[in-house]
Amino acid sequence: TGRFDPAVADVRWQKRWDDERCFIADTDSPKPKAYVLEMFPYPSGRIHMGHVRNYTMGDVLARYRRMQGFEVLHPMGWDAFGMPAENAAMERKVHPGGWTRSNIAAMRDQLKRLGFALDWSREIATCDPEYYGHEQALFLDLYDAGLVYRKESEVNWDPVDMTVLANEQVIDGKGWRSGAQVERRKLSQWFLKITDFADELLDGLQTLDDWPDKVKLMQENWIGRSSGLRFRFKLTGEGADADYPWIKAGLLAAPEIEVFTTRPDTIFGASFVAVAPDHPLAQAVASENPDAAAFIADCKAGGTSAAEVETQEKRGFFTGIEAVHPLQGEWRLPVWIANFVLMEYGTGAVFGVPAHDQRDFEFATKYDLPIRRVVARADQDRDTPIGDEAEPGEGVIVNSGFLDGLSVEEAQDSVIRRAEEQGWGSRETAYRLRDWGVSRQRYWGTPIPMIHCSKCGAVAVPRDQLPVVLPADVSFELPGNPLDRNEGWRRTSCPKCGGEALRETDTFDTFVDSSWYFIRFASQPVDKPFDRAAAEAWLPVDQYIGGVEHAILHLLYARFWTRALKRIGRIGIDEPFKGLFTQGMVTHETFRTADGRWLAPDEVSADGKGKLADAAGAAVERGRVEKMSKSKRNTVDPEPIVARYGADAVRWFMLSDSPPERDLEWSIGGIEGAARFVQRVWKLATAASVGEGEDQALERKLHRTIAAVGEAIDGLQFNKAVASLYELVNAVEKAAPSTTRSDAVRALVKLASPMAPHLAEECWSALGQEGLVANAEWPKFDPALLIEDQVTIAVQVNGKLRDTLTAPRGLDREKAEALALASEKVQRQLAGTAPRKVIVVPDRLVNIVA
Ligand code: ANZ
Ligand code: ZN
């Protein structure tokens with residue numbers, strides 16, 4: 001027998017599983033179904049440790065569910081569109097398609113070497129027309145249902161590279177490649193109406209009991225439902241008269257500004273009104289006033305992301321116009337254009353309350369506007385001055401006329417009621433969530449199936465012309481989207497009027513691709529995106545596992561896409577992912593030189609006194625343990641580790657050291673420990689140890705382990721499952737040969753098989769067992785044997801010992817009496833008569849007087 005040799009065993013069993021089509025999911029199976037899914041990878045070129053950890057967790061659950069008797073769907077595919085492929089094309093002069101496909105081939109091979117129980121027959125790559133063609137069809141279904149529209153929207157524009165940048169390509173307001181100050185530009189883009197689903201998506205979170213609370217909270221905040229008051233201020237002063245040029249020119253419908261507030265209770269604390277730089281009023285002022293125009297242009301420098309806007313210094317421009325306070329007709333509030341007001345939220349205009357809002361406070365301080373307290377805590381009164389920051393908290397209303405003395409909430413209701421009665425405003429719910437702009441000015445993505453005709457406008461590509469295939473002949477010599485320059489592909493005829501027309505050259509945001517791939521995994525007919533019944537046989541995904549970095553966008557878009565498909569009658573589920581688990585990261589030590597260079601661990605050596613230095617002898621400091629990343633140079637490539645130690649040792653280590661939701665620190669010592677454990681199991685399975693008789697202690701240990709491992713895997717507490725198996729191995733090693741010991745070894749092999757499947761198959765076959773352990777039934781436990789502590793109770797009849805019983809310690813008198821009376825031997829003594837008296841000494845004795 002010798003040592004377990006993973007180099008031989010891994011390949012042998014991977015081939016057997018393949019040959020026997022073990023993990024091919026059968027939709028028509030009568031068994032109960034389980035759908036286990038890990039977030040599919042981006043084909044960057046190589047599998048990293050984070051992938052290994054993620055996919056190992058899913059694999060343990062998938063294999064466990066199969067052994068429990070479920071028909072399991074555990075598929076794999078590739079989120080294959082996206083920018084890195086285009087960057088590679090520009091840098092290395094390779095085609096994004098070729099680059100992506102060779103990465104997929106390499107990574108598929110790496111995953112196969114880890115022995116994952118995947119149904120490879122359902123593999124999907126989102127860059128295949130067989131996939132994205134169906135996506136185009138689904139998009140057109142949503143278009144027909146009125147859930148898609150086109151609108152002007154701002155993008156980040158790099159004026160040097162002459163290209164549109166994604167938000168993540170804007171770093172501190174500058175283009176990542178050119179370093180040029182990014183500008184905002186307006187482009188016509190396609191939007192999906194996710195805001196139509198804002199309430200559903202928010203309320204649906206309540207049904208997701210198997211999701212981490214933190215993820216639900218992040219989605220809740222992202223959707224950001226808040227209720228308040230929407231109302232109009234009348235304008236006065238120069239520029240507000242009915243015959244003023246702006247109003248005449250229609251730049252402004254009426255001399256009014258509509259604002260949205262969540263704090264109508266603070267209305268008497270208002271000291272200014274502010275509009276967004278894109279607000280029609282700001283545009284109107286700019287048409288007359290070059291200084292205003294210059295200020296607005298200035299606001300446009302910098303990125304478009306809300307985070308970017310929020311961190312900027314607050315700045316404004318006074319328009320010369322004034323607003324009339326709706327409840328204090330004599331009060332006039334100056335109207336400003338301000339960079340911190342967003343056009344996309346609420347109405348794009350606010351009233352500012354410096355005393356109780358921090359942004360307004362900073363703005364008022366800078367421009368010397370009044371700061372007026374209208375809310376006071378118990379320890380304050382109406383004259384307590386505001387300190388050096390705003391007080392956003394609760395309290396009693398002061399300095400506010402008819403609202404004085406009310407609580408914040410009462411005052412909010414009161415103001416809203418008055419506004420509605422007097423007709424200048426109404427209660428309103430606002431959402432932070434914006435419609436989803438899906439247009440990307442990029443080549444390597446799904447072509448948006450639309451055609452632009454100068455006569456008919458935007459026209460959908462007819463279904464029988466799908467897929468709109470991405471042309472292969474493109475060049476990346478010039479900046480921008482090569483599709484724009486590909487005249488042969490771009491020029492087409494209008495499906496409506498037959499005239500000359502141009503294809504849409506934008507492609508989908510890659511989040512569209514990942515918003516329905518889990519449905520395509522469940523059902524993949526050739527002629528349509530999915531078959532409803534087959535998809536519903538599997539969905540929702542029972543357990544989805546992935547990184548918390550997808551807590552918002554991907555998971556929200558997938559939830560939206562599912563609900564949109566339901567609304568148009570394509571599928572009957574509300575939520576795509578029943579269970580969600582977000583695993584921790586794989587971390588590793590870092591090293592840094594005095595001048596700030598990161599070094600890989602193998603570039604560092606220690607002298608006799610433990611001082612660290614690089615190859616040239618320069619001093620090196622030990623850095624923190626951080627997430628593996630190329631920039632910190634602390635990554636470890638799984639491939640050589642798997643080649644050296646075998647798949648099972650790597651899998652075992654990935655599960656063993658930390659709870660799965662926490663970070664796992666990579667260490668070679670950990671891998672070596674896992675490899676030693678693999679050999680210990682192998683030794684137990686192969687060392688001859690035939691024995692007779694039973695070993696009750698070991699039997700109890702075994703049954704407790706079966707229960708504990710099952711419970712741990714069910715709860716995704718893989719480290720606990722591993723710890724239980726360590727204990728069982730210790731116990732079996734110590735036990736003398738017996739039939740129980742042989743049973744325990746067989747059960748151990750089954751229990752370890754989800755984590756270390758190659759080892760388990762090898763042991764199973766060495767033990768002379770039939771078939772594959774992957775197909776074996778999960779061991780069952782006897783609940784009676786789980787009872788921790790047993791006592792022996794003597795049963796006497798008229799003072800004479802007649803029986804001894806085993807019972808759990810601490811059994812109460814009544815139960816002990818019942819147990820004793822149920823004994824056959826006692827019954828024989830009593831011969832049908834009722835006992836005169838029963839004396840119980842807990843945990844020791846039951847004496848029956850007949
Ligand atoms: C007056 C007020 C007084 C406000 C106060 C807050 C505190 P949430 O809760 O996130 O929905 N606001 C409204 N529209 C805005 C926009 N387009 N850009 C920037 N700020 C905007 O935020 C609602 C509050 O954010 C609103 O309530 C408004 O300021 C501001 F003590 O009105 B508030
Ligand atoms: Zn036309």
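Colleague: What makes Ser823 count as buried?

Modeller: Keep in mind that this is a predicted model. Ser823 has a relative accessible area of 5%, and buried means under 20%, so the label fits.

Colleague: Where does Ser823 lie, and which backbone nitrogen lies 3.2 Å from a polar atom of its side chain?

Modeller: Ser823 sits in the loop between α26 (813-822) and α27 (824-830). The nitrogen belongs to Lys825. At 3.2 Å, that pair falls within the 3.5 Å allowed for a polar contact.

Colleague: On to the metal. How do you know which residues are the protein donors of the zinc ion (ligand 2)?

Modeller: By distance. The SG atoms of Cys453, Cys456, Cys494 and Cys497 lie 2.2 to 2.4 Å from the zinc ion, and a donor has to be within 2.8 Å of the metal. In sequence, these donor residues follow the spacing C-x2-C-x37-C-x2-C.

Colleague: Why is the site of the zinc ion (ligand 2) called tetrahedral?

Modeller: Its 4 donor atoms make angles of 105 to 113°. Four donors count as tetrahedral if all angles lie between 85 and 135 degrees, so the name holds.

Colleague: What do Cys456 and Cys497 tie together?

Modeller: Parts that are 41 residues apart in sequence, because Cys456 lies in the loop between β21 (450-453) and β22 (457-460), and Cys497 in the loop between β23 (491-493) and β24 (500-503).

Colleague: Are Cys456 and Cys497 buried or exposed?

Modeller: In between. Cys456 has a relative accessible area of 26% and Cys497 has 36%. Partly exposed is the class between 20% and 50%, so both belong there.

Colleague: What makes the oxygen contacts of ligand 1 with Tyr345 and Arg432 polar contacts?

Modeller: A polar side-chain atom of Tyr345 is 2.3 Å from an oxygen of ligand 1, and for an N or O atom in the Arg432 side chain the distance is 2.5 Å. The limit is 3.5 Å, so both pass. The protein covers 87% of the 650 Å² of accessible area that ligand 1 has on its own.

Colleague: Last one: why is helix α25 (residues 757-766) described as largely enclosed?

Modeller: Because 8 of its 10 residues are buried. Among them are His758, Leu759 and Trp764. The buried residues of α25 pack against α1 (6-19), α2 (49-67), α20 (647-656), α21 (668-686) and α24 (739-752). Just after α25, Gly768 takes a positive phi of about 75°.

Notes: Residues are numbered from 1 along each chain as its sequence is written. Chains are lettered from A and ligands numbered from 1 in the order in which they are written. This is a predicted model: local features need pLDDT of at least 70, side-chain atom pairs count only at pLDDT 80 or more; totals for chains, interfaces and linings use all residues. Side-chain values use heavy atoms; hydrogens and water are left out. Donors are N, O and S atoms within 2.8 Å of the metal (3.2 Å for Na, K and Ca); water is not among the atoms, so sites may look incomplete. Four donors count as tetrahedral if all angles lie between 85 and 135 degrees; four count as square planar and six as octahedral if opposite donors are over 155 degrees apart and all others between 65 and 115; anything else is irregular. Helices (H or I, at least four residues) and strands (E, at least two) are DSSP runs, numbered from the N terminus. Buried means under 20% relative accessible area, exposed over 50%, partly exposed in between (1.4 Å probe, protein chains only). A polar contact is a pair of N or O atoms within 3.5 Å; within protein, one must be able to donate a hydrogen and the other to accept it, and residues adjacent in sequence count only if both atoms are side-chain atoms. Accessible areas come from the Shrake-Rupley method with a 1.4 Å probe; for residues, only the protein chains shown count as cover. Contact means heavy atoms within 4.5 Å.
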